[in-house]
Amino acid sequence: MVRKWTIQRKFLLGFLLIFSISLLLLNAFISNMLNKNSENIIKAEMENTQQYSREYIKQHLLLKNLTGDVFSHSGNSLVQELSENLRSNVTLYDIEGNFLYEAIDEQEYVIVNTKPSKRLEESSGHDLQLALNNKSAYTINQIDNEWVVNFSYPLYINGEHYGIIRLTKDYSALFASNQKVLTSLTYFTLVLFTVIFLFSYILSRKITKPLSKVTEAFSEVARGKYDTELQINTGDEIEELNDRFHEMKEQIKEQIAVITEEKEKVEKLEKTRREFFNNVTHELKTPLTTISGYSQILSDEDFNDPIFLKKAAERIKKESDRLHEMVVDVIELSKQTNYDVEKVDVSHLIKQLCEDLQMNATKYGMSITYDTEPSLFIIGIENQLLEVIMNLIDNAIKYGENHSTIQIVAYEQSNRAMIKVSNHCKTFNPAILENAFEPFFRGGQSTKAEKGSTGLGLYICKQIVHEHGGTIAIEEKNGVITLTISLPLWQ
């Protein structure tokens, strides 16, 4: 995926846009403040000038005892004196707004004109119009590179209207100072912006560069490369993201390992189930074939052999019983256990079973001895555990040596209950050690009159022990076969 707008570009362009707008607004605000300040200064000076000029003219008229149309007769000298005292240009108009005299203040002398100067002609006449309406007013005019203020007011002394006085003053220095302040502020803001922009650029690089590394690392993990390394040492949230990345990577690896393990278990279970099904069908087929064969012979119309009939009946009964036992075992194996576990006293179970099965052992001159720790409690389902121990003792009777002793011991070891069943055996098939717990495996034939094995007994025992969180193992040493069960103790 191609990114058109990176975080760094968005950050820098956003900062540039915000700064540009802020600079324009700041300049407008500062310019407006400077202009208002200038206007306040001009207004205050014009009010003082108006008050001073009115008093000066009033004193001038009293001292020279002038009356009548003073502006027309002696305005020449009046405008000159007033210009010298105010150090500004002074213009006189009659009551109808007609130009009379203009005194232009220079550095060393005052020039009196009988015609308006160029500066006056190029200025706005709005202030003069307001003065004709008996209002004091001023206008700010930009002429060439100069800022000129014209202030006009009607002159009334003792209720008599003498005309209009218009004062003209150059404020170029004030406005130039304002412009200088505004320019300096602009330059300062630009320099500040440049510094901040460079800092922001460097900062954004420090942020986006590690993020690019993080993105690349995530892409590698997404492609299945779980050994990808990411090293970011920024001391901030990005470094914390680096730590979280490694935690996530390890968790993913662990989850994949768990999934792989579970997959292997499922595959193994499926294989076991398939093999078990094949074994079941094979084992069931054998007695069915025998029964079917004898049945076909017996159903022949020409059959008349009492001896063979007796033999066939015995074989059919034997194979039927064997078939029945296998079906019962398979049904028992397929049952779903929904019982609640409970506290089971193994010592009591062993004692009870030894007493119950001693009668069968006595028929073959065998004895059963047991040595158990008292009150050895485990977690489990009593009926199932009873079936396991009974199956082991019963096998020891079937396949054990006549006139021998079956030994059973139970003790605690490392928070687990250890149960061992041992019996002597004259002939031993080594294949038993590897295949004893496989379904339908029969390591040898019992010479006793006990019911034969279907090959599922130890397999069922193994399933029950595993469901209880335990293990079962078989070993042979000096003609003694020992089956060992390990189960968790009741905590």
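Which residues line the largest cavity? In this predicted model, the answer is Leu385, Val388, Ile389, Ile419, Ile485 and Leu487. Two elements each give two or more residues to that lining, namely helix 9 (382-399) and strand 13 (480-488). Helix 9 supplies the largest share, with three residues. Sort the lining by class and you get six nonpolar residues, no polar ones and no charged ones. As for the space inside, the largest cavity holds about 40 Å³. If you go looking for others, a search of the whole structure turns up one cavity of 30 Å³ or more.

Strand 13 is a good way into the sheet. Follow the strands across and the order reads 8-10-11-13-12, an open sheet of five strands with mixed pairing. The edges belong to strand 8 (367-372) and strand 12 (471-477); each has a single partner strand, so one side of each has no neighbour in the sheet. How far are neighbouring strands turned against each other on average? Ignoring direction, the figure is 15° for this sheet.

Now zoom in on one pair of strands. Strand 10 (residues 405-413) and strand 11 (residues 416-424) run antiparallel to each other and are joined over seven bridges. To pick out a specific spot, start at valine 409 and look across to strand 11, where its bridge partner is lysine 420.

Next come the helices that pack on this sheet. Helix 8 (residues 346-362) touches strand 8, strand 10 and strand 11. Its direction makes about 170° with that of strand 8. Helix 11 (residues 457-467) also packs on the sheet, and its contacts are with strand 12 and strand 13. Here the angle is about 135°, taken between the directions of helix 11 and strand 12. Strand 13 therefore turns up twice on this tour: it gives two or more residues to the cavity lining, and it is touched by helix 11.

Last stop: charged side chains. Side chains of opposite charge can pair when their charged atoms come close. How many salt bridges does a search of the whole structure find? It finds five. One to look up is the salt bridge between the side chains of lysine 169 and glutamate 45, at 3.5 Å from N to O. This pair links distant parts of the chain, with the two positions 124 residues apart in numbering: lysine 169 sits in strand 6 (residues 160-170), while glutamate 45 belongs to helix 1 (residues 7-64).

Notes
Residues are numbered from 1 along each chain as its sequence is written. This is a predicted model: local features need pLDDT of at least 70, side-chain atom pairs count only at pLDDT 80 or more; totals for chains, interfaces and linings use all residues. Side-chain values use heavy atoms; hydrogens and water are left out. On a 1 Å grid over the protein atoms alone, a cavity is a set of points where a 1.4 Å probe fits but cannot get out, and a pocket is an open set with protein on both sides within 12 Å along at least five of seven lines; lining residues have an atom within 4 Å of a point. Grid points are joined across faces, edges and corners, and a volume is the space filled by probe spheres set on the points. Helices (H or I, at least four residues) and strands (E, at least two) are DSSP runs, numbered from the N terminus. Ala, Val, Leu, Ile, Met, Phe, Trp, Tyr, Cys and Pro count as nonpolar, Asp, Glu, Lys and Arg as charged, and the others, Gly among them, as polar. Two strands pair if DSSP finds at least two bridges between them. Axes are lines fitted to C-alpha atoms, for helices over the stretch in contact, and angles run from 0 to 180 degrees between N-to-C directions. Contact means heavy atoms within 4.5 Å. A salt bridge is a side-chain nitrogen of Lys or Arg within 4 Å of a carboxyl oxygen of Asp or Glu.
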